[in-house]
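Please look at the sequence and the 3D structure below before reading on. The paragraphs that follow lead you from single residues to the sheet, the helices and the whole chain.

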Amino acid sequence: GINAEYGDFRKELKTVNPFKIDIGAVYNLKPKDHKSFKSGSFAAQEREVVFDIDMTDYDDVRYCCSEANICSDCWVFMKIAVKILDEALRHDFGFSNLLWVYSGRRGVHCWIADENARKLNNNGRGAIADYLSLVIGGDQQAKKVTIPGIPHPSIKRSVNIITKYFKELQLSSQDFLGTPEKCQKVLSMFPSKTIQGDLGDWVTSNRDSEHKWNELKKAWFTYAKNRKNVKNENNAIYEVVLQTCYPRLDVNVTKGLNHLLKSPFSVHPKTGRVCVPFLARDVDTFDPFSVPTLKEVIAEVDKWNGEADTPDYAKTSLKPSIELFRKFANSCSKETSTSSPATADENKENRMDW
């Protein structure tokens, strides 16, 4: 039964004492016994739909840091990603049980635990990932976002979210038009053979990014107005905004039913920080640099001078994170596809629509 399995799992954890755990799928057989069954009988049955957003995938559009390094300036990319994906997953797909987790170093993970999400096959997971993927192309491809025709409402919603951060992020901290090289890079994101040949002085001017962005938009709208065959003239601006700010998704992580992802509350081996969950609605105030390390948590337990029977976790700054996770787990356990109408109403009250 579940209690026996929980006891075995806890005993194994205390024996192995891992600093992190990777979580995969629920299988039809115990993984440790899979070699004793005939070939093909061991199969994954379900698992959460997951997203893994890594800051290194933004290196083509961030200039403050690179590779594994992050700062408060480029962390804004993660804020945008969380807000865009959370909105889309809840409103476009109807998912409710979402858990956002800081990866411990340079990114965030999203776990979608609704029953209908957990039971999706690889094709269903891939369809969600493809729907949410807008930035497409490798390092050698200059233009990675193309919007054909009238923009889908989800694209307009994403642009509206990005717009709230665009000045702070691209016009200020990243200064994305601050050099001739950066200007040429942004020009290449516009439709080819349009305004590129008319902006030589603009490329080399010393004005700041905010002024140059306004000039660039003016040049594009003038071009579009003079050529009546340019339809949906805002699309070119949307494409630049999306290419420089929209979430970079590792589609293979989401598509694979068997893909492993680091468990919440693991300890990142490089930073020592605990992988804590947070609410999407609080992402603007979430500070990855104040997340406690394992050493800090141990010190908090050692310094405790309150009630002796207080659980160790409640003696630390991890207490709010653990309580948040417990609420998430409780919400998941109450969800059932075969509940009665009365139970369904109760479940709705417990779902994580924050």
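A good place to begin is Lys315, which lies in the loop between helix 11 and helix 12 (319-334); helices (H or I, at least four residues) and strands (E, at least two) are DSSP runs, numbered from the N terminus. The model is a predicted one, in which local features need pLDDT of at least 70 and side-chain atom pairs count only at pLDDT 80 or more, while totals for chains, interfaces and linings use all residues. Residues are numbered from 1 along each chain as its sequence is written, and side-chain values use heavy atoms, with hydrogens and water left out.

Is Lys315 buried or exposed? Buried means under 20% relative accessible area, exposed means over 50%, and partly exposed lies in between (1.4 Å probe, protein chains only). Lys315 has 16% relative accessibility and therefore counts as buried. Leaving aside neighbours within four places in sequence, Lys315 is in contact (heavy atoms within 4.5 Å) with Glu300, Val301, Trp304 and Thr310.

A second loop residue, Val283, is found between strand 8 and helix 11 (294-302), and because its relative accessibility is 1%, Val283 counts as buried. Not counting residues up to four places away in sequence, Val283 touches Lys79, Val82, Lys83 and Phe278. Val283 and Ile80 are 203 residues apart in sequence, yet their C-alpha atoms are 9.0 Å apart in space.

Phe278 also leads to the sheet, since in strand 8 it is Phe278 that is the bridge partner of Trp100. The sheet is open and has 4 strands in the order 4-6-5-8, with antiparallel pairing; two strands pair if DSSP finds at least two bridges between them. Strand 4 (49-54) and strand 8 (277-278) stand at the edges with a single partner strand each, so one side of each is left without a neighbour in the sheet.

Following the order of the sheet, strand 4 is joined by 6 bridges to strand 6 (residues 107-112), and the two run antiparallel. Within this pair, Val49 has Ile112 in strand 6 as its bridge partner. Strand 4 is mostly covered, as 5 of its 6 residues are buried.

Strand 6 is joined in turn to strand 5 by 5 bridges, again with the strands running antiparallel, and here Tyr102 stands opposite Val108 in strand 6. The hairpin of strand 5 and strand 6 has 4 residues between the strands, and in this hairpin Gly104 takes a positive phi near 100 degrees. On to strand 8, strand 5 pairs in the antiparallel sense over 2 bridges.

How many residues of strand 5 (residues 98-102) are buried? The count is 5 of its 5 residues, so that the strand is mostly covered. In a regular strand the side chains alternate between the two faces of the sheet. In strand 5 both faces are covered, with Leu98, Trp100 and Tyr102 buried on one side and Leu99 and Val101 buried on the other.

The helices come next. Helix 2 (residues 75-91) and helix 5 (residues 153-173) pack at an angle of about 170 degrees, with their axes 10 Å apart; axes are lines fitted to C-alpha atoms, for helices over the stretch in contact, and angles run from 0 to 180 degrees between N-to-C directions. That angle makes helix 2 roughly antiparallel to helix 5, a term used for angles over 145 degrees. Among the residues that make the contact are Ile80, Lys83 and Ile84 of helix 2, and Ile161, Ile162 and Tyr165 of helix 5. By class, this contact of helix 2 with helix 5 has 9 nonpolar, 3 polar and 5 charged residues, where Ala, Val, Leu, Ile, Met, Phe, Trp, Tyr, Cys and Pro count as nonpolar, Asp, Glu, Lys and Arg as charged, and the others, Gly among them, as polar.

Helix 8 (residues 209-226) and helix 9 (residues 235-245) pack at an angle of about 145 degrees, with their axes 10 Å apart. Their contact is made by Trp213, Lys217, Trp220 and Phe221 of helix 8 and Ala236, Ile237, Val240 and Val241 of helix 9, and these residues divide into 7 nonpolar, no polar and 1 charged.

Finally, consider the whole chain, which has 13 helices and 8 strands. Of its 354 residues, 44% count as buried. The mean pLDDT (the predictor's confidence in each residue, from 0 to 100) is 91, and 94% of the residues reach 70 or more. Over residues 337-350, however, the pLDDT is below 50, and beyond near neighbours in sequence this stretch has 10 contacts in the model.

Key:
Parallel < 35°, antiparallel > 145°, perpendicular 65-115°, else oblique.
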